[in-house]
Amino acid sequence: MVLLLKCLSPLGFITRRLSAPEFITQCCYHKKVVDHYENPRNVGTLDKQSKNVGTGLVGAPACGDVMKLQIEVDDQGKIVDARFKTFGCGSAIASSSLATEWVKGKSVDEALMIKNTDIAKELCLPPVKLHCSMLAEDAIKAALADYRLKQQDDQQEAVRASN
């Protein structure tokens with residue numbers, strides 16, 4: 001709030017003029033969101049054909065955000081890598097980046113416990129941006145579901161091969 005008042009102060013505009021992106025960065029987004037937006041972690045893709053990679057692709061038609069999150073799981077069921085690509089606002093990118101950091105090192109079951117409220121709280125998202133954290137939770141769940149589906153298919157093929 002203090003930062004917002006500082007930005008909106010008449011003296012602030014007289015002594016220094018902020019450009020629109022700079023105003024938004026300094027006044028509307030929490031520093032954690034700005035950090036993940038300016039320095040996103042784990043951007044990229046993994047091999048979606050790999051049986052150890054789960055891919056979740058989710059979108060929010062109302063705001064136009066689209067998020068792809070991928071996880072790589074080792075033979076012990078631990079998530080060893082995560083990548084994302086997001087088309088959307090700074091809060092959506094930050095939520096994706098944080099989600100990839102949080103899933104790494106967790107088991108598949110532990111990753112399912114990550115909730116949008118935890119992401120929103122960590123990033124200090126305002127109510128109008130809560131859909132971004134919901135999208136991140138949905139992307140995690142979709143990636144885990146894809147991974148589990150691949151494991152089931154793999155087991156069914158092994159059973160058919162042994163018969």
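Of the 163 residues in the protein chain, 37% are buried. The model is a predicted one. The chain holds eight helices and three strands. Along the sequence, these elements follow the pattern α-α-α-α-β-β-β-α-α-α-α. Many contacts link distant parts of the sequence: among contacts with a separation of 6 or more, 59% join residues 24 or more positions apart.

**The sheet**

Strands of a sheet pair through backbone hydrogen bonds, either parallel or antiparallel. Here, three strands form an open sheet in the order β1-β2-β3, and the pairing is antiparallel. Strands β1 and β3 stand at the edges. Each has a single partner strand, so one side of each is left without a neighbour in the sheet. On average, neighbouring strands of this sheet are turned by 15° against each other, direction ignored.

Take the pair β1 and β2. Strand β1 covers residues 53–60 and strand β2 covers residues 65–73. Eight bridges join them, and they run antiparallel. G59 stands opposite V66 in β2. The hairpin of β1 and β2 has four residues between the strands. In this hairpin, G64 takes a positive phi near 85°.

Now take β2 and β3. These strands also pair in the antiparallel sense, over eight bridges. I71 stands opposite A82 in β3.

**Helices on the sheet**

Which strands does α5 lie across? Helix α5 lies across β2 and β3, and runs at about 175° to β3. Helix α8, residues 130–162, packs on the sheet too. Helix α8 touches β1, β2 and β3, and its direction makes about 145° with that of β1.

One residue of helix α5 is A99. A99 is buried because its relative accessible area is 0%, and buried means under 20%. Leaving out residues up to four places away in sequence, A99 touches L69, A136 and I140. The C-alpha atoms of A99 and R83 are separated by 9.4 Å, and these two residues are 16 residues apart along the chain.

**Helix against helix**

Two packed helices are described by the angle between their axes and the distance between the axes. Helix α5 spans residues 90–103, and helix α7 spans residues 116–123. They pack at an angle of about 115°, with their axes 10 Å apart. That makes α5 roughly perpendicular to α7, because angles of 65 to 115 degrees count as roughly perpendicular. The crossing of α5 and α7 is right-handed.

Which residues make the contact? From α5 come A94, S95, L98 and W102. From α7 come D118, I119, E122 and L123. The residues of this contact divide into five nonpolar, one polar and two charged.

**Positive phi in two loops**

Most residues other than glycine have a negative phi, and most peptide bonds are trans. N42 has a positive phi and is a residue other than glycine. C124 also has a positive phi although it is not a glycine. The table sets out both residues.

| Residue | Phi | Loop | Relative accessible area |
|---|---|---|---|
| N42 | near 65° | between α4 (31–38) and β1 | 13% |
| C124 | about 55° | between α7 and α8 | 39% |

Is N42 buried or exposed? N42 is buried, because its relative accessible area of 13% is under 20%. C124 is partly exposed, because its value of 39% lies between the cut-offs of 20% and 50%.

Notes: Residues numbered from 1 in each chain as written. Predicted model: local features only at pLDDT ≥ 70, side-chain atom pairs only at ≥ 80, totals over all residues. Heavy atoms only, no water. Pairing = 2+ DSSP bridges. Helix = DSSP H or I, 4+ residues; strand = E, 2+ residues; numbered from the N terminus. Axes fitted to C-alpha atoms, helices over the stretch in contact; angles between N-to-C directions. Parallel < 35°, antiparallel > 145°, perpendicular 65-115°, else oblique. Left-handed = near helix turned anticlockwise from the far one by under 90°. Contact = heavy atoms within 4.5 Å. Nonpolar A, V, L, I, M, F, W, Y, C, P; charged D, E, K, R; others polar. Buried < 20%, exposed > 50% of the residue type's maximum accessible area, 1.4 Å probe, protein only.
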